[in-house]
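Trainee: I'd like to practise justifying the words we use for a structure. Could you take my questions one at a time?

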Amino acid sequence: MQGPAGQYPTLQVHPGRRCNLQCLHCYSDSGPAVTEQLAIDLLEQVVADAAAIGYRVMSVSGGEPLLYPGLAQLLRAAHASGLVTTVTTNGMLLDQRQLNVLEADCDLVAISLDGIPESHNFMRNSARAFDDMCARLPALRASGIPFGFIFTLTFHNVHELEWIADFAVEQGASLLQLHPLEPVGRATCRLGESYPDGEENAAAVCEAGRIRELYEGTLEVQIDLATVPAMREHPTRVFVREATLCGAQTVADVIAPLVVETSGLVSPLQYGFPRAWSWGNIKDRSLPDLAADWLARDYAAFLTLCRLVYEQAVRNDDEPVLNWYEQVYAAAAQFSPTQVRDNLMQTCSSERNSQ
Ligand code: SF4
């Protein structure tokens, strides 16, 4: 994992929740009947503001981004502000008209792929998901737009990673990203028994390492899991750091990914992050204003929360690999910023009293 902001601080934008699919694991609860979307003029401003406060990448997700009517404008605005752009799609609607849009202003297309065809179709809740996506790959390859695949790790599918890596290389992909299934959105009611456990996570880290070596120079392999030794060695990657910004640091250097949800809410780290920790809504205030307020109000509490997760993780020898994002999410669901601050105050005052 990169963290806190990674080399390229990313703004993740979910412009609309309409989708041609209704996947079992969809964290944004998107689907064909969902019409919620953000106005393109608002998003154009957000993208310019995000670049001004230091974000370097805009990643568009959804819903299915190819169904968002303002996609071309959004990507253009991001490029005009100097951001690198990526689009995450289920790939089924990638026709020539869409490829023309992406060719103009998309730097990387990320296609969801959740295992061998049968597993993919099961997760995607569609008998045609794999074949329709596959049928689009030759034209994508011919377009020359770099592309990769994103795989959702569950309790049942680590053994399919090898197939996925071979498939990705055969198809000409340059990236394979592995993300563990999390209890968010539709997965909570449709896939409650399928979250990967510590053993599955550890197996995925080993397998990712093997694939990385096997396809070195051809396929970049990223995995959204942290190992405890890596956390110990690089605690700042999991937000164990001082709350003051140093020198020329901007908010983007200390909080990324930053997520703009379709409701307009701005969340740290991931879609649906517990609401008490939200920055606020871009429909009400500009992104730089929301950032300044959050830094002053909640950033120190957020770092305290991350430190708690870190200390628990490094004490627990039984689980050498963990989904850090999930653990911070769980801690944030348990404690609001006010509770964290109150707790801190109490700890400080009892330390003072005992001196
Ligand atoms: S996971 Fe992606 S493709 Fe599936 S319903 Fe959600 S937005 Fe659509």
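Trainee: Leaving aside neighbours within four places in sequence, what is proline 117 in contact with?

Mentor: Proline 117 contacts Phe130 and Trp163, where contact means heavy atoms within 4.5 Å. Keep in mind that this is a predicted model, where local features need pLDDT of at least 70 and side-chain atom pairs count only at pLDDT 80 or more, while totals for chains, interfaces and linings use all residues. Residues are numbered from 1 along each chain as its sequence is written, and side-chain values use heavy atoms, with hydrogens and water left out.

Trainee: Why is proline 117 called partly exposed?

Mentor: Buried means under 20% relative accessible area and exposed means over 50%, with partly exposed in between (1.4 Å probe, protein chains only). Proline 117 has 24% relative accessibility, so it counts as partly exposed. Its place is in helix α4, residues 117–124. Here helices (H or I, at least four residues) and strands (E, at least two) are DSSP runs, numbered from the N terminus.

Trainee: How far apart are proline 117 and methionine 58 in sequence and in space?

Mentor: They are 59 residues apart in sequence, and their C-alpha atoms are 30 Å apart in space.

Trainee: What makes threonine 152 buried?

Mentor: Its relative accessible area is 11%, so it counts as buried. Threonine 152 sits in strand β5, residues 147–153. Not counting residues up to four places away in sequence, threonine 152 touches His25, Leu113, Asp114, Met123, Asn157, His179, Pro180 and Leu181.

Trainee: How do you know that the buried residues of α3 line one face?

Mentor: In α3, residues 96–105, Gln98, Leu99, Leu102 and Asp105 are buried. Seen down the axis, they fall within an arc of 150 degrees, so they line one face of the helix. That arc is taken over the directions from the helix axis to the C-beta atoms. The general background is that an α-helix has 3.6 residues a turn, so residues three or four places apart point the same way.

Trainee: Which exposed residues does the other face of α3 carry, and what does the buried side pack against?

Mentor: The face turned away from the buried side carries the exposed residues Arg97 and Ala104. The buried residues of α3 pack against α2 (71–80), β3 (84–89), β4 (108–112) and α5 (129–143).

Trainee: What puts the buried residues of α11 on the same side?

Mentor: The buried residues of α11, residues 287–297, are Leu287, Leu290, Ala291 and Trp294. They cover an arc of only 100 degrees around the axis, which puts them on the same side of α11. Their cover includes α1 (40–52), α10 (251–254) and α12 (299–315).

Trainee: What about α6: which of its residues are buried, and what arc do they cover?

Mentor: In α6, residues 161–171, Leu161, Ile164, Ala165, Phe167, Ala168 and Gln171 are buried. Their arc is only 165 degrees, so they are on the same side of α6. They pack against α5, β5, β6 (175–180) and α8 (198–214). Just after α6, glycine 172 takes a positive phi of about 90 degrees.

Trainee: What makes the backbone of phenylalanine 239 worth a second look?

Mentor: Its phi is near 65 degrees, a positive value in a residue other than glycine. Most residues other than glycine have a negative phi, and most peptide bonds are trans. Phenylalanine 239 is in the loop between α9 (228–233) and α10, and at 1% relative accessibility it counts as buried. Aspartate 29 also has a positive phi, near 55 degrees, but at 36% relative accessibility it counts as partly exposed.

Trainee: Which peptide bond involving proline 257 is cis, and where is that proline found?

Mentor: The bond from alanine 256 to proline 257 is cis, with omega near 0 degrees. Proline 257 is found in the loop between α10 and β9. Another cis peptide bond joins glycine 62 and glycine 63, with omega about 15 degrees.

Trainee: How do you know that the radius of gyration agrees with a compact globule?

Mentor: The radius is taken over C-alpha atoms, and the globule rule is 2.2 Å times the number of residues to the power 0.38. For 355 residues, that rule gives a value near 20 Å, and the protein has 20 Å, so they agree.
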